[in-house]
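Trainee: Please take me through this structure one feature at a time, with the general idea before the case at hand.

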Amino acid sequence: MAKYQTKVKCYQRKKSKQYLITLTGNHGFKNDEPVMILSDTDFNELENISNSRKNQILDLESRLTELEGEKDHELFLKDHKVKNLEESLDKSQTHVKDLKAELKDLEEIRQGRENEISALNQQVTLYKTKVQNLENEVTEFKENVAESDARVKSLQQELSTAKVRIKELELMEDQVSKFKELKDDHNRLRNKHDHLQERLRTALEEINAQQKVISDLSNRGFIDYITGRLPKSYKQLSEPKK
C-alpha cells in the first residue's frame with residue numbers, strides 16, 4: 001500500500017475550525033477519483049490487512065511450489081488451498097467492496113459537510129451585510145441627530161436673539177410713547193406760549209396806544225382845551241374794536 005505525504009492547514013472560525021488537507025508529490029490521483037482520509041490507526045490497520053493478504057498470497061504461492069512435486073496428495077492439498085485462497089480472495093474482495101462503499105459514504109458525508117459549510121458561509125456573508133447596513137443606518141441616524149441638535153441650537157439662538165430684539169422694540173415703544181407725550185406737552189406749551197405772546201403783543205399795542213393818547217392829550221394846545229378838541233389817537237382808542 002502506497003503512502004503519500006500531506007500538508008494540513010487549519011482555519012480558525014468563530015466557533016469551529018476548518019482543515020485543508022493537500023497531497024504532495026506525484027500521488028497520481030485524478031480529479032474525479034475518490035480519496036478517503038483515514039487516521040493513522042485506521043490506515044495502519046488497513047495496511048496490516050493488505051500486508052497480511054500479500055503474505056498469505058506469498059505463503060500460498062510458496063506452498064503451491066512445494067506441492068508441484070507431490071502429485072495427487074499435493075494436488076488435493078493444492079486444490080484445498082486454492083479453494084481456501086479463493087474463499088479468502090472472495091472475502092478480501094467483499095471487504096474491499098465494503099471499504100469502497102464506506103469510502104463513498106465518507107465522500108458523500110464530506111460533500112454534505114462542504115455544502116453545509118458553503119451555506120453557513122453564505123449566511124455569514126448575509127449577516128455581515130445586514131450588520132454593515134445596520135451600522136450605516138446607525139451612522140446616518142447619528143448624523144441626522146447631530147444635524148437636528150445643531151438646528152435646535154441655532155433655533156434657540158435665534159429665539160434668544162428675537163427675545164432680545166422684542167425687549168428692545170418694547171423699550172423703543174415705551175420711548176416712543178414717552179416721546180409722544182413729551183411732544184404733546186411741547187405742543188401745548190407752544191400753543192400756550194403763542195397765546196401768551198399774542199396777548200402780550202395785544203397788551204403792548206394797547207399800552208402803546210394809551211401812551212400815545214396820554215402824550216397827545218398832554219401836548220394839546222390852549223385852543224384845543226377851550227374848544228374841547230380831542231386828539232385823533234383818543235378817538236381811535238375810543239372806537240369799538242372790529
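Trainee: How should I read the accessibility of a residue, and is Arg-201 buried, partly exposed or exposed?

Mentor: The scale has three classes, buried being under 20% relative accessible area, exposed over 50%, and partly exposed in between (1.4 Å probe, protein chains only). Arg-201 has a relative accessibility of 38% and therefore counts as partly exposed. Before we go on, note that this is a predicted model, in which local features need pLDDT (the predictor's confidence in each residue, from 0 to 100) of at least 70 and side-chain atom pairs count only at pLDDT 80 or more, while totals for chains, interfaces and linings use all residues. Residues are numbered from 1 along each chain as its sequence is written, and side-chain values use heavy atoms, with hydrogens and water left out.

Trainee: With which residue does Glu-198 form a salt bridge?

Mentor: Side chains of opposite charge can pair when their charged atoms come close. The criterion is a side-chain nitrogen of Lys or Arg within 4 Å of a carboxyl oxygen of Asp or Glu. Glu-198 is paired in this way with Arg-201, the closest N and O atoms being 2.2 Å apart. Both Glu-198 and Arg-201 lie in helix H2, three residues apart, which is about one turn of the helix, and Glu-198, at 39% relative accessibility, is partly exposed. Arg-201 also meets Glu-205 in a salt bridge, at 2.4 Å from N to O. Arg-201 and Glu-205 are separated by about one helical turn because they are four residues apart in helix H2, and Glu-205 is partly exposed at 44%.

Trainee: How many salt bridges does the structure hold?

Mentor: There are eight salt bridges. Among them is the pair of Glu-116 and Arg-113, where the closest N and O atoms are 4.0 Å apart; these two residues are likewise both in helix H2, three residues apart, about one turn of the helix. Glu-116 is partly exposed at 46% relative accessibility, and Arg-113 is partly exposed too, with a relative accessible area of 48%. In addition, Glu-107, Arg-110 and Glu-114 are linked in a network of salt bridges.

Trainee: Which residues form a negative surface patch?

Mentor: Patches are made of residues with over 30% relative accessible area and no salt bridge, like charges being joined within 9 Å and nonpolar side chains (Val, Leu, Ile, Met, Phe, Trp, Tyr) within 5 Å. Here the negative patch consists of Asp-98, Glu-102, Asp-105 and Glu-108. Glu-108 is placed in helix H2, which covers residues 71–218, and this glutamate is partly exposed, with a relative accessible area of 49%.

Trainee: And which residues form the nonpolar patch?

Mentor: That patch is formed by Leu-200, Leu-204 and Ile-207, which together have about 260 Å² of accessible area. Leu-200 lies in helix H2 and is partly exposed, at a relative accessible area of 46%.

Trainee: How are the helices and strands arranged along the chain?

Mentor: Helices (H or I, at least four residues) and strands (E, at least two) are DSSP runs, numbered from the N terminus. The protein chain has four helices and two strands, in the order β-β-α-α-α-α from the N terminus on. Helix H1, residues 40–67, contains Arg-53, which is partly exposed at 28% relative accessibility; the C-alpha atoms of Arg-53 and Leu-85 are 10.0 Å apart, although 32 residues separate the two along the chain. Of the 242 residues in the protein chain, 6% are buried.

Trainee: Where is the confidence lowest, and where is it highest?

Mentor: Confidence is lowest in helix H4 (residues 232–238), with a mean of 64, and highest in H2, at 82. For the protein chain the mean pLDDT is 78, and 76% of its residues reach 70 or more.

Notes:
Accessible areas come from the Shrake-Rupley method with a 1.4 Å probe; for residues, only the protein chains shown count as cover. Lys and Arg count as positive and Asp and Glu as negative; His and the chain ends are not counted. The place of a charge is taken as NZ of Lys, CZ of Arg, CG of Asp or CD of Glu.
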